[in-house]
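Each label put on a residue or a contact should be open to challenge. Take the model below and ask what stands behind each term.

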Amino acid sequence: MPCKMYSSVRKFGTLSKHIPSAFDIAIVGGGTAGMNIAWKLGRYYKKLNIALIEPSLFHYYQPMWTLVGAGIKNFESSVSNFSDLTRNLRIVKLRDKTVEFIPEENCIRLATKGYLRYNYLVVCTGIELDFQRIKGIDEAFQKDNVCSNYSPDTVQKTWKCLQNMESGNAIFTFPNTPIKCAGAPQKIMYLAEDYWRKTGKRDNINILFNSSLPGIFSVPKYAKSLNEIIEKRGIKTNFRHNLIEIKASENVAVFENLDTGDKVPFEYGMIHVTPAQKPSEILKPIGDQAGFVDVDKYTLQHVKYPNIFSLGDCSNLPTSKTAAAVASQSGILFWNLVNVMAGRDPPMKYDGYSSCPLVTSYSKCILAEFDYDLKPKETFPVDQGKERRSMFIMKSTFMPLLYWFLHVTGRWSGPGKLRKLLRFGLSD
Ligand SMILES: Cc1cc2nc3c(=O)[nH]c(=O)nc-3n(C[C@H](O)[C@H](O)[C@H](O)COP(=O)(O)OP(=O)(O)OC[C@H]3O[C@@H](n4cnc5c(N)ncnc54)[C@H](O)[C@@H]3O)c2cc1C
């Protein structure tokens, strides 16, 4: 691939005997975004000195956790060893945590290996779960009727909660912060409703969706479908309600009404908690006011430091934080980065594409796809606002394969080409 590189790596000593402490490109975070970008760069730019910094031994396919929570898939199918995924990736892999960004000096500090210099930096550290904003959460998680699909530590409890639930209120929450996959808090609710209906328990269970948001979904087309489902299936919604405390000994969850400030207690038989989420503190030197990495929403290049790029959940891209969005961003970022390294302007523009497979039962799914303007940007030449079995198969069978075989190997950059192929002759 022809590309004049910015400069070859300068030597600033070594991190260890075999590892230089200066790189052409450093990628911080080897999750959904980092793994894809690392493979794209590693495959095509073999002469570059690239480092991937990731502290975790495991790589998670988090979209699977909705299905794990509903007992459809096992947890193991959502996990892979980081080393297995990167064995053939010929770049430097550092199992370490970045603890400081020093952008003025093109430098990051690692928890154990010291300072590392870079010419270009890609930041993709994801978003942190902040369960501690809920008073009493640690005690609550000791109980059998409190669960969350959001963490690898708690997702397997969800299926047990669903099975144990016999009667009373089943509450599903949505916090008062940006979160990853804004559809996930309600997907597990529809699955639970379907499960309780099939097992004959539904009449004894009152299902509540207590959400900080003012409505069910941000994209009007899909919100309409979801509101109809909620109505048809007898689910009660309490919008602008933010979970602030769980009194586990009393089975009471306390919500703050975000409009009135009132504290509203709800008794529960089970509760599925979606935690508040936040960008890592260490992103501050490269972050916006909210702490997310401050990038241009079209080019993914940092607004202040042109040699820094970011994608995924840690970036301030104003779209839904999903793996699907990451896939599209990765293609844009890759081309913009290599062009900037070659001294050119970033040529590609990201349109905010994101997608959310809204699983509505054990056999149906609405595949929401949309852009920055919340306009549907659907891949398939059918009305994706309808619940469909084909979309459920897509979510449960096809997407995991796509993730493990194409996404984490850097071969997937979103459905743009597929959309063009399938919708040939049709306008978007
Ligand atoms: C329950 C659930 C359901 C979901 N469902 C869907 C879905 O159906 N469809 C969809 O598209 N998306 C879904 N998502 C969202 C999707 O998983 C995320 O948007 C995606 O994983 C974001 O990728 P990322 O690389 O930005 O972050 P992550 O994949 O979270 O990766 C971040 C990585 O950075 C590493 N890291 C963190 N801090 C540091 C540091 N200081 N130094 C170095 N490395 C660091 C972490 O260890 C991690 O490996 C779901 C998520 C959840 C939790």
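The questions and answers below set values against definitions.

Q: What kind of model is this, and what counts in it?
A: This is a predicted model, where local features need pLDDT of at least 70 and side-chain atom pairs count only at pLDDT 80 or more, while totals for chains, interfaces and linings use all residues. Residues are numbered from 1 along each chain as its sequence is written, and side-chain values use heavy atoms, with hydrogens and water left out.

Q: Why is the protein called as compact as a globular protein of its length?
A: The secondary structure comes to 10 helices and 21 strands (DSSP runs numbered from the N terminus: helices are H or I of at least four residues, strands E of at least two). The radius of gyration is 22 Å, and the globule rule gives 22 Å for 428 residues, so the protein is as compact as a globular protein of that length. The radius is taken over C-alpha atoms, and the rule is 2.2 Å times the number of residues to the power 0.38. Along its principal axes, the C-alpha trace spans about 70 × 55 × 40 Å.

Q: What makes a residue count as part of the shell around the ligand, and which come nearest?
A: One of its heavy atoms must lie within 4 Å of the ligand. There are 33 residues around the ligand, and A33, E54, K187, A323 and A324 come nearest.

Q: Which elements and domains supply this shell?
A: α1 (32–44), α6 (184–198) and α8 (323–341) are the elements that give two or more residues each. The largest share, three residues, comes from α8. Domain 1 (22–127 + 279–341) and domain 2 (129–277) each give at least three residues. These bounds come from an automatic or database domain assignment.

Q: How are the shell residues classed?
A: The shell has 14 nonpolar, 12 polar and seven charged residues. Ala, Val, Leu, Ile, Met, Phe, Trp, Tyr, Cys and Pro count as nonpolar; Asp, Glu, Lys and Arg count as charged; the others, Gly among them, count as polar.

Q: What makes the pairs between the ligand and the backbone of T98, A323 and K321 polar contacts?
A: A polar contact is a pair of N or O atoms within 3.5 Å; within protein, one must be able to donate a hydrogen and the other to accept it, and residues adjacent in sequence count only if both atoms are side-chain atoms. A backbone N or O atom of T98 is 2.9 Å from a ligand nitrogen. A backbone N or O atom of A323 is 2.9 Å from a ligand oxygen. A polar backbone atom of K321 is 3.4 Å from an oxygen atom of the ligand. The protein covers 91% of the 1000 Å² of accessible area that the ligand has on its own (Shrake-Rupley method, 1.4 Å probe; for residues, only the protein chains shown count as cover).

Q: Why is N242 called buried?
A: Buried means under 20% relative accessible area, exposed over 50%, and partly exposed in between (1.4 Å probe, protein chains only). N242 has 12%, so N242 counts as buried. N242 is found in strand β14 (residues 241–247). Its side chain makes a polar contact of 3.3 Å with the side chain of S212. Of the 428 residues of the protein, 57% count as buried.

Q: Is D259 buried or exposed, and how do you know?
A: D259 has 57% relative accessibility, so D259 counts as exposed. D259 is found in the loop between β15 (252–257) and β16 (263–267). A polar contact of 3.1 Å joins the side chains of D259 and R240.

Q: Why is S280 called buried although its place is in a loop?
A: The relative accessible area decides: S280 has 12%, so S280 is buried. The loop runs between β18 (276–278) and β19 (308–310). The side chains of S280 and E128 make a polar contact of 3.5 Å.

Q: What stands out about the phi of C181 and of L374?
A: Most residues other than glycine have a negative phi. Phi of C181 is near 45 degrees, a positive value. Phi of L374 is near 60 degrees, also positive. C181 is buried at 18%, whereas L374 is partly exposed at 34%.

Q: Why is A140 called buried?
A: A140 has a relative accessible area of 0%, so A140 is buried. A140 is found in helix α4 (residues 137–141). A140 and S249 are 109 residues apart in sequence, with 8.1 Å between their C-alpha atoms.
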